[in-house]
Structure formats: structure tokens, C-alpha cells
Amino acid sequence: MDGFTQGAPIGGVIKALVALLPVIAFLAALVLLDSFKLLSRRSIAQALLAGAAAALVGGQLHGALIDAWLLGPAVLSRYVAPFTEELLKALWIVWIFRHQRVGFLVDAAILGFAVGTGFALVENLEYLRAIAEPRIFLWIARGFGTAVLHGATTAILALISRALTERRPEASFSAFLPGLCAAAGLHSVFNHFLLPPLAETALLLVALTSALILVFERSEQATRSWLGVGLDDELELLESILSGGVLATRIGAYLRSLLARFPAETVADMLCLLRIHLELSIRAKGLLLARESGFAVPVGDDVRANLRELRHLEGAIGRTGLLAVKPILRRSSRDLWQIYKLQEAGSQ
């Protein structure tokens with residue numbers, strides 16, 4: 001801490017603002033930059049709370065490790081805390097990915113940064129409580145450096161995990177290990193203070209801002225491309241189902257082949273399930289397009305009825321039937337995410 005003792009003392013309000021506001025402002029900027037505004041305030045609040053809980057658990061864990069192993073501050077800060085803290089923050093990221101709560105890279109970046117923000121706020125509040133005579137440079141480094149670092153590392157973990165799970169939707173928990181290693185590695189390097197603290201803080205801010213701008217641009221391009229191509233294909237397939245022409249397609253041939261293994265009623269339910277999936281997917285894409293244009297489109301009773309029928313059909317078809325219909329049913333992580341977004345919008 002000796003490297004921060006230069007400079008005039010500051011009051012309690014000022015040090016709190018310098019310690020807490022930068023990371024909050026950075027998170028707010030990320031939310032405002034998102035053209036599609038896909039994340040609800042509730043999901044962001046949940047991420048903040050998850051990060052805060054991770055910080056509380058981490059504080060207790062590190063205290064226990066120091067008591068049991070007599071770890072020095074340098075060893076804890078450089079080698080132990082980067083892994084344990086990133087692992088604790090990663091737990092929420094793993095949960096939302098496994099429950100199809102993340103659709104695009106920009107969603108992953110915002111939710112990851114929100115988890116890190118919650119962690120940083122609790123950590124810096126503890127510093128504010130514990131340190132009675134701070135100097136301005138300490139709080140600049142903690143507010144603009146360490147706090148933003150917590151958001152950045154968890155955002156990196158979420159971005160890498162989203163990229164890997166998008167390519168391999170069936171991937172297990174091992175898909176999160178590369179992101180966790182990258183986050184913990186960056187955290188450890190930062191805590192080694194290879195550069196003066198303020199220079200390290202400035203470098204972090206410049207690099208993070210540049211990287212996130214690139215991620216947002218790429219994600220929005222991918223979103224628009226996915227909306228256009230996916231919507232055209234789904235409208236064409238839905239029209240063929242409603243007109244009865246689907247029976248002459250490869251999908252119809254596949255459904256007829258299932259009659260050898262399943263009752264005709266179950267195969268009919270499979271076709272209904274495909275139709276409802278298409279209708280919900282088209283409606284979800286319409287919501288995204290409306291949000292990009294600044295319109296809030298309410299979810300109607302027809303969507304809620306389709307969601308109820310979807311759950312009923314999945315139960316009637318059963319696990320074996322769902323596996324059989326999987327080749328023609330869009331159930332990638334992004335398609336399942338669309339249904340979640342409709343459920344979330346319908347509950348508001």
C-alpha cells in the first residue's frame with residue numbers, strides 16, 4: 001500500500017464515489033450500447049447479486065485459508081485469489097449457460113461484467129470500511145482498475161464460453177475451463193503489478209474498451225444476419241406445414257419413417273411440436289426486430305397458449321420421442337434461448 005500514500009487525503013464521500021462509480025458506469029454503458037436490449041433488468045440484477053454473493057463467500061474462504069495455511073498477502077493475491085475468485089464468479093455464468101439464458105456474445109459480455117461488478121462493489125465496500133486513511137491514488141486504482149478488472153475477467157470467461165458452446169452445444173462443463181483459465185491468468189498478471197498501478201489501470205481501460213467495442217460490433221452483425229436468414233427459412237417451413245405441403249418434403253419423409261417406431265398420435269404431436277417451435281421462434285425474432293427499432297411489443301395470449309401447449313406436447317411425446325424428433329426440431333442453445341425470452345417477456 002506504500003505506493004499509494006502520495007497525494008492529499010480525500011473525504012469519505014469522494015473516496016466512495018471513486019471506488020464504486022466507475023464499474024457501475026462501465027456496466028451502464030455496456031447496457032446502453034446494446035442495440036437489441038435483450039437482457040431484462042431482472043437478469044442483470046440477478047447477475048449483480050450473484051457476484052456480490054461470490055465476493056462474500058470469497059472473503060470467508062480467503063480468511064479460512066490464511067488461518068489454516070498461514071498464506072502471506074502476496075501469495076494469496078497473486079496465486080490463490082485469482083483462481084478462487086474467478087471460480088466463484090464463474091458459477092453463475094455456468095448456471096445461466098446451462099439453462100439457456102444467453103443468446104449472443106453481447107449478452108454474455110454484459111452478464112459477465114455484471115457478475116464482476118457485483119463482486120467488485122462488495123470487495124470495495126469492504127476496503128472502504130477497513131481503511132481509515134486512504135489516499136486518492138489508491139481509490140483510483142481500485143475503482144478504475146481492480147473493480148473494472150473483476151468485470152472484465154468474468155466478461156472474458158463468458159465470451160469464451162459462449163463461443164465454445166455455440167460451436168458445440170453438447171459440450172460439457174469442460175467448455176468453461178478455457179475461459180476460466182484465461183480469466184484467472186489475466187487476474188494473476190494484474191495482481192503481480194508488473195507496471196505501476198495507475199499505468200496498469202490505464203492500460204486495462206484502453207484494452208477492455210477496445211475489445212468490447214469489437215465484440216459489440218461483431219455480435220450485432222451476427223444477430224442481424226441470423227435474424228434475416230433464420231426468419232426466411234422458418235416462414236417458408238411454417239407455410240408448408242400449415243398448407244399440408246410438408247408431407248412432400250424431407251421432413252415429412254422423416255416423420256413418416258417414425259411411424260414404424262411410434263404411434264400415429266405421437267408422430268402427429270411431433271408435427272405439432274415443430275409447428276409451435278416455428279411460431280414461437282418467428283415471434284421471438286419479431287420481438288428482437290421491434291426492440292432494435294425502439295418499440296416494446298407485448299406478448300399476447302396466443303404466445304402464452306403456445307408456450308403451455310409446448311410444455312404439454314413435450315410431456316406427451318416423452319424423452320425418447322424428443323430424441324427421435326431432434327434432427328428436424330431446432331433445439332440449439334440459441335433456439336432454446338428464444339423460447340426463454342418469450343417466457344420471460346410473458347411473465348412481465
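Student: How do you know that K89 and E86 are separated by about one helical turn?

Tutor: In this predicted model, both residues belong to helix α3 and stand three residues apart, which places about one helical turn between them. An α-helix has 3.6 residues a turn, so residues three or four places apart point the same way.

Student: What makes the pair K89 and E86 a salt bridge?

Tutor: The closest N and O atoms of K89 and E86 are 3.1 Å apart. The criterion asks for a Lys or Arg side-chain nitrogen within 4 Å of a carboxyl oxygen of Asp or Glu, so the pair qualifies. By this rule the count comes to five salt bridges.

Student: Is K89 buried or exposed, and how do you know?

Tutor: K89 has a relative accessibility of 0%, and buried means under 20%, so K89 counts as buried. Its partner E86 also has a relative accessible area of 0% and is therefore buried.

Student: Which residues does H187 touch, beyond those up to four places away in sequence?

Tutor: H187 touches P82, E85, E86, L149, H150 and T153. The list includes E86, the salt-bridge partner of K89. H187 itself lies in helix α6, and with a relative accessible area of 2% H187 is buried.

Student: What makes R129 and E126 a salt bridge, and how are they placed in helix α4?

Tutor: Their closest N and O atoms are 2.5 Å apart, which meets the requirement of lying within 4 Å. R129 and E126 are three residues apart in α4, and therefore about one helical turn separates them.

Student: Why is R129 called exposed?

Tutor: R129 has 61% relative accessibility, and the term exposed applies over 50%, so the label follows. E126 has a relative accessible area of 38%; this value falls between the two cut-offs of 20% and 50%, so E126 is called partly exposed.

Student: Why is α4 described as largely enclosed by the rest of the structure?

Tutor: The description rests on a count: 20 of the 26 residues of α4 are buried, so the helix is largely enclosed. The span of α4 from first to last C-alpha is 37 Å, close to the 38 Å expected at 1.5 Å a residue.

Student: How do you know that the length of helix α2 agrees with expectation?

Tutor: Helix α2 covers residues 41-69, which makes 29 residues, and at 1.5 Å a residue these should span 42 Å. The end C-alpha atoms are 41 Å apart, and therefore the two values agree. Among the buried residues of α2 are I44, A47, G51, H62 and L65.

Student: Which members of the largest nonpolar core touch the most other members?

Tutor: In this core of 55 residues, they are L30, I93, F97, I110, F113, W139 and L208. Helices α1, α2, α3, α4, α5, α6, α7 and α11 each supply at least two residues of this core. The largest share, 12 residues, comes from α4. Beyond neighbours within four places in sequence, L30 is in contact with I110, F113, L212 and F216. A further core of 31 residues lies apart from the largest one, with I241, L258, I276 and L310 among them. In soluble globular proteins, nonpolar side chains tend to be buried together.

Student: What makes R275 and E279 a salt bridge, and how far apart are they in sequence?

Tutor: The closest N and O atoms are 3.2 Å apart, within the 4 Å limit. R275 and E279 are four residues apart in helix α9, which means that about one helical turn separates them. E279 has 23% relative accessibility and therefore counts as partly exposed. Salt bridges with shared partners join R275, E279 and E309 into one network.

Student: Why is L21 called partly exposed?

Tutor: L21 has 43% relative accessibility, a value between the 20% and 50% cut-offs, so the label applies. L21 is placed in helix α1, and together with V13, L17 and I24 makes a nonpolar surface patch of about 350 Å².

Student: How many helices and strands does the protein chain have?

Tutor: The chain has 11 helices and zero strands. Buried residues make up 48% of its 348 residues. Of the contacts with a separation of 6 or more, 82% join residues 24 or more positions apart.

Note on methods
Residues numbered from 1 in each chain as written. Predicted model: local features only at pLDDT ≥ 70, side-chain atom pairs only at ≥ 80, totals over all residues. Heavy atoms only, no water. Patch = residues over 30% accessible without salt bridge, like charges linked within 9 Å, V, L, I, M, F, W, Y side chains within 5 Å. Areas by Shrake-Rupley, 256 points an atom, 1.4 Å probe, with all protein chains shown as cover. Buried < 20%, exposed > 50% of the residue type's maximum accessible area, 1.4 Å probe, protein only. Contact = heavy atoms within 4.5 Å. Expected span 1.5 Å × (residues − 1). Core = buried A, V, L, I, M, F, W, Y, C linked by side-chain atoms within 4.5 Å.
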